Amino acid sequence: MDIFDEIYRGTPPWDIGRPQKAFIELAGRGEIRGSVLDIGCGTGEHALFVAGAGHEALGIDTAPPCDPEGPGEGR
């Protein structure tokens with residue numbers, strides 16, 4: 001079992017249920033352009049946020065608990 005599998009059995013301290021403030025600020029300044037690859041996306045807040053803003057986005061993570069809704073939830 002990977003350490004992240006164990007951490008995601010609860011709520012990790014970095015999972016705040018929305019994109020991180022610094023990420024939102026980057027987007028607000030127009031510093032996110034083109035396609036976005038979010039490696040280690042956790043529950044996917046950043047990938048979903050940029051996809052909602054019209055960017056092509058792909059979030060991947062190796063910890064199965066990071067995807068509580070199953071494959072394709074953000075599509």
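Two aromatic pairs turn up in this structure, which is a predicted model. In one of them, Y8 and W14 meet edge-to-face, with 6.1 Å from centre to centre and 75° between the planes. The angle is what earns the pair its label, because planes over 60 degrees apart count as edge-to-face. If you turn to the surroundings of each ring, Y8 is buried at 11% relative accessibility, whereas W14 is partly exposed at 40%.

The other pair brings F23 and F49 together, with ring centres 6.1 Å apart and planes at 65°, so this pair is edge-to-face too. Which parts of the chain does it tie together? F23 belongs to helix α2 and F49 to helix α3, so the pair links parts that lie 26 residues apart in sequence. Helix α3 itself covers residues 45-52. F23 has a relative accessible area of 19% and is buried; that value is close to the boundary, because buried means under 20%. F49, at 28%, is partly exposed.

Let's stay with Y8 and W14 for a moment, as they also lead us to a pocket. Both residues are among those nearest the centre of the second largest pocket, along with G40, C41 and G42. This pocket has a volume of about 270 Å³, and its lining is made up of 21 residues. Sorted by character, the lining has 10 nonpolar residues, six polar ones and five charged ones. Where does the lining draw on helices and strands? Strand β1 and helix α3 each supply at least two of its residues.

Strand β1, which runs over residues 36-39, is also the place of D38. Is D38 buried or exposed? With a relative accessible area of 13%, D38 is buried. Beyond its neighbours within four places in sequence, D38 is in contact with H46, A47, L58, G59 and I60. Two of these partners, H46 and A47, can be placed on the elements we have already met, because helix α3 covers residues 45-52.

From here we can move on to the charged side chains. How many salt bridges does a search of the whole structure find? There are three. One of them sits in helix α2, where E25 and K21 meet with a distance of 3.8 Å from N to O. The two residues are four apart in this helix, which spans residues 21-28, and that puts about one helical turn between them. E25 is partly exposed, with a relative accessible area of 37%, while K21 is exposed at 63%. Helix α2 is therefore home both to this salt bridge and to F23 of the aromatic pair described above.

Another salt bridge joins the side chains of R9 and E6, at 3.9 Å from N to O. This distance still counts, because the cut-off for a salt bridge is 4 Å. R9 is exposed, with a relative accessible area of 60%, and E6 is partly exposed at 46%.

The remaining salt bridge is formed by R29 and E31, whose closest N and O atoms are 2.7 Å apart. Here R29 is exposed, at 52% relative accessible area, and E31 is partly exposed, at 42%. The value for R29 only just carries the label, because exposed means over 50%.

Notes: Residues are numbered from 1 along each chain as its sequence is written. This is a predicted model: local features need pLDDT of at least 70, side-chain atom pairs count only at pLDDT 80 or more; totals for chains, interfaces and linings use all residues. Side-chain values use heavy atoms; hydrogens and water are left out. Buried means under 20% relative accessible area, exposed over 50%, partly exposed in between (1.4 Å probe, protein chains only). Contact means heavy atoms within 4.5 Å. Rings of Phe, Tyr and Trp (its six-membered ring) pair if their centres lie within 6.5 Å; planes under 30 degrees apart count as stacked, over 60 as edge-to-face and the rest as tilted. On a 1 Å grid over the protein atoms alone, a cavity is a set of points where a 1.4 Å probe fits but cannot get out, and a pocket is an open set with protein on both sides within 12 Å along at least five of seven lines; lining residues have an atom within 4 Å of a point. Grid points are joined across faces, edges and corners, and a volume is the space filled by probe spheres set on the points. Ala, Val, Leu, Ile, Met, Phe, Trp, Tyr, Cys and Pro count as nonpolar, Asp, Glu, Lys and Arg as charged, and the others, Gly among them, as polar.
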